[in-house]
Amino acid sequence: MKLLNNTFDTIRLFARFTKLNLKITLEYKLDRTLTFFAIFCRESVNVLVIYFILKKFISIKGWEMNEMLFLYSFLFLSYSLFVAFFTGIREFDSVIYSGEFDRLLIRPVGLLTQIICARMDHCAFLGHGAVGLILFIKTSTSVGIQWTPTNILYYIVTLVGAAIIQASLFMLSSCFNFWAIRTTNLRNMIFFNSRRFAGYPISFYPALIQNLLIYVTPFAFVSYFPAQYFLRKPELSLFWDGFLYMTPIVGVAMFALVYMLWKNGLKHYSSSGTSMY
Amino acid sequence: MAFIKSENLVKEYKINVKKKGLLGAINSLLIPEYKIKKAVDNISFSIEKGEMVGFIGPNGAGKSTTVKMLTGILVPSSGEISIGGLSPYKNRKAVASKIGVVFGQRTQLWWDLPVIDTFDLLKFIYKIPDKEYKKNLDMFSELLEIHKFMNQPVRQLSLGQRMRADIAASMLHNPEMVFFDEPTIGLDVVAKERIREFIKYINAEKGTTMLFTTHDMQDIEKTCNRMIIIDNGTIIYDGSIHEIKHRFGNYRIVEVEFQKEYKNLSFAGVKLINSDGNRKKFKVDQTLMQVTNLINELTQKYEVQDITIQEPEIEQIIRDIYQGGICLDKNVC
C-alpha cells in the first residue's frame, strides 16, 4: 500500500514537473522548434545515408531494407523514451555543476525521483521520437509482423527495457561526477559509437564487436535482439535463443547494479562552486 | 535539548597537487600527488530551539562546508551531527522536511517561470496542507510584498525581489530551522533592512531556529544574539555579540576639538592616535581610564569646543580578529 502510494506520488510529481518544463519550452517556441528540426534532420540524414547505400543491394546477409529500418527504429524510439525520463541523468554533470544537485539534496523527495522529474529535453524526445515513429510506421506492417496482444506487450516491455539499458550506461558515467572526474566525452564516445554499431544487425560484425555489444555496452539488446524476436532471421542460430527475451532483464539488472554504485558514490560528493571551503 | 548538535565535525578534501608547467601537468596526470586539506577541523557546537546564530569567518574559513554538512548536502569525514535528533545524511529526507535553506548566491526559483509556479511546486514537494500554504503565502506576500511580482518570470525580477521570493520559498513549509547563506549579498540598504525585519519577525512569531552565514556584520548585529566565528576550519569564538564587544571593544575613541592648539597632552591609559591642529583623537582604554574622568579633566584644564565619543564598531573588532590583531585564546598569546 505504501509502495503504491509512493508510486502514485512519483507519477504526480513527474506530471507537475512535466507541466512546468513544458511551460518553459513554450516560452521559447521558436528556439525549441528549430532545435527539434535540427535533431530531426540530423537523425533523418543518418537514416537516409543507410537507405541510399543499401538501395544498391537487394539485401545484405539476408536482411532487406525494411527489416534493417525496423531494427533501426528501436534505437530511435528507445532513445526518445530514455530522454523523456532520464534527461537529468544524461545531463548529470551540468546538474552538479550548476549547483542544482545541492538543491535536490535538501528536498524531502528521493534523489532519483527528482532527477527523473527535474529535466526534460523535449526537442530530443520529439526529434528522435518522430524519426523512430516514421520508420516504425513505414516498416512494421511490411516486414510480416502479426501484431497479436503478446507481440504488442513484448514490444512495449522491450522498448522500456531498452531505454533503461541506455539510462544505466549514462548513469554509470554520472557516478564519476561524484569523484569530480568529468567523463562526458569518454561516455559520449562509447555510447554513441556503440549506438552506431547497433544501427545494423550485429551479425555483420566480427565476434569481438558482437561480444562487446552483448556483454559490455549491451546495445544488442536495444535493437538487434528485439528486432530478431519479430523477424526471426535464420542467423539467429548464432546466438542463444534466450537473448530474445533478455532486454528488460538486462536493463533492470544493469540499472540496479549501477544505482548501487551511484548511491555509494554519493558519499564522495563534494558539491560545486565554493564548496571547497 | 539542543535542536542542532555538532560534535567533532571534520571534513577533509583530497587535493590533487598541481605542478607547474606542461611537464608538471603531464606528471600530475600520470603520477597524481594528493594532499589532505581539512576544510573543517573538529567543530563542536549546539544551538537551542528558537536561537538566531550568526556564523561568520573570513573567506575560506569553512563556513559553507559546515553548513553543507548540517543541511545534509555533504557527508562529514568524521564527527556527528544531529538536527532535531536526526542525522542529516542518514535521514536526509526527514531532515529536509524540517529545514529550509536560502542560498543568497543561487536561486531555487525556476528562472523562466513566475514565482508562483515555484511556490506551487514546493507546496506539492513538501506536501504542505492547503490551509497552511495559503496562510503562509498571504503572510509572506504581505510582509515581503511578493504579490506585486508574483506572476512575473523570475528572470525579470530585481535582485531584491528575487531574494525576497527565495526566502519565502524556503519557508513555505514552516521549517523548524532555516539556514541563510549570505541572504543580503548584493542588496541595497533598504532591501537588506526589510529582509532583516522579516527574519526577526518570523523568529519571534514562529520560534524558528536560524543560522546565518554572512559577511555583513550588520546582518548579525541586527538579528542575532549569538555569534560563532570560525577560521581555518576551527571555532575561534562562540558567544554573545555583547560579550565580544565587551571583551575586545573595551575602549572608546574620543575626538576633541580645542579652542587652541595644545602640545604634549598626556593622560594615563589614553593614547593619542591622531593630531590635526586643534583636533585630537584619543583611544581610551576603559580598564585604565573612565571616559567620564577624561572628559572632566579635559574640560577643567583646557578650553574645549566640542567632544565626540565613539564606541568601537563590531566590524572593526571582527577585522582585528581576522587579521590576528586580537587573540581570542589567552593560552596561546
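Begin by selecting Asp9(A) and Lys127(B), whose side chains form a salt bridge with N and O 3.3 Å apart. The model is a predicted one, and this pair opens a tour that starts at the boundary between the chains and then moves into chain B.

**The interface of chains A and B**

Five salt bridges are counted between chain B and chain A. The number of residue pairs in polar contact between chain B and chain A, with both residues at pLDDT 80 or more, is 13. To see which elements of chain B take part, colour strand S1 (4–16), strand S2 (34–47), helix H2 (63–70), helix H3 (92–98), strand S5 (99–103) and helix H4 (115–125) of chain B; each supplies at least two residues of the side that touches chain A. H4(B) gives the largest share of that side, with six residues. Colouring by class shows 16 nonpolar, eight polar and ten charged residues on the side of chain B that touches chain A.

Now display the whole contact set: 34 residues of chain B are in contact with 33 residues of chain A. Together the two chains bury about 3,200 Å², and 62% of this area is on carbon and sulfur atoms.

**The annotated domain of chain B**

Next, select residues 4–257 of chain B, which an unreviewed UniProt entry annotates as "domain: ABC transporter". Over this range the chain is 37% helix and 29% strand. The C-alpha atoms at the two ends of the range lie 52 Å apart.

**Helix H6(B)**

Within chain B, move to helix H6 (residues 159–169) and show Asp166(B) and Arg162(B), which are four residues apart and therefore separated by about one helical turn. Residues three or four places apart in an α-helix point the same way, because the helix has 3.6 residues a turn. The side chains of Asp166(B) and Arg162(B) meet in a salt bridge, at 3.3 Å from N to O. Both Asp166(B) and Arg162(B) are buried.

The helix as a whole is mostly covered, with nine of the eleven residues of H6(B) buried. Among the buried residues are Gly160(B), Met163(B), Ile167(B) and Ala169(B). To view the cover, add S5, H4, helix H5 (130–144), strand S6 (177–181) and helix H7 (189–206) of chain B, which are included in what lies over the buried residues of H6(B).

**Thr214(B) and its surroundings**

Select Thr214(B), in the loop between strand S7 (209–213) and helix H8 (217–223) of chain B. Thr214(B) counts as buried because its relative accessibility is 4%. The Thr214(B) side chain has two partners to display. A polar atom of that side chain lies 2.9 Å from the backbone nitrogen of Asp216(B), and the side chain also makes a polar contact of 3.1 Å with the side chain of Asp219(B). Beyond neighbours within four places in sequence, Thr214(B) is in contact with Phe55(B), Ile56(B), Glu182(B), Asp219(B) and Ile220(B).

**From Asp238(B) to Arg226(B)**

Proceed to Asp238(B), in strand S9 of chain B. Which residues are in contact with Asp238(B), leaving aside its neighbours within four places in sequence? They are Phe45(B), Arg226(B), Met227(B) and Ile228(B). Of these, show Arg226(B): the side chains of Arg226(B) and Asp238(B) meet in a salt bridge, at 2.9 Å from N to O. This pair links distant parts of the chain, with Arg226(B) in strand S8 (residues 226–231) and Asp238(B) in strand S9 (residues 234–240), twelve residues apart. Arg226(B) is buried at a relative accessible area of 13%, whereas Asp238(B) is partly exposed at 37%.

For a distance across the model, select Asp238(B) and Glu257(B): these residues are 19 apart in sequence, and their C-alpha atoms are 39 Å apart in space.

**Glu303(B), Lys260(B) and a network**

Glu303(B) forms a salt bridge with Lys260(B), with 3.9 Å between the closest N and O atoms. Glu303(B) is in the loop between helix H10 (291–301) and strand S13 (304–310) of chain B, and Lys260(B), 43 residues away in sequence, is in the loop between strand S10 (251–258) and strand S11 (270–276). Glu303(B) is partly exposed, with a relative accessible area of 43%, and Lys260(B) is partly exposed at 44%.

Finally, select Lys192(B), Glu193(B), Arg196(B), Asp216(B), Asp219(B) and Lys222(B), which salt bridges with shared partners join into one network. Over all chains, a search of the whole structure finds 34 salt bridges.

Conventions: Residues numbered from 1 in each chain as written. Chains lettered and ligands numbered in written order. Predicted model: local features only at pLDDT ≥ 70, side-chain atom pairs only at ≥ 80, totals over all residues. Heavy atoms only, no water. Contact = heavy atoms within 4.5 Å. Buried area = accessible area lost by both parts, 1.4 Å probe. Salt bridge = Lys/Arg side-chain N within 4 Å of Asp/Glu carboxyl O. Polar contact = N/O pair within 3.5 Å; in protein donor to acceptor, adjacent residues only side chain to side chain. Nonpolar A, V, L, I, M, F, W, Y, C, P; charged D, E, K, R; others polar. UniProt positions renumbered as here; feature names shortened; annotations may be inferred. Buried < 20%, exposed > 50% of the residue type's maximum accessible area, 1.4 Å probe, protein only.
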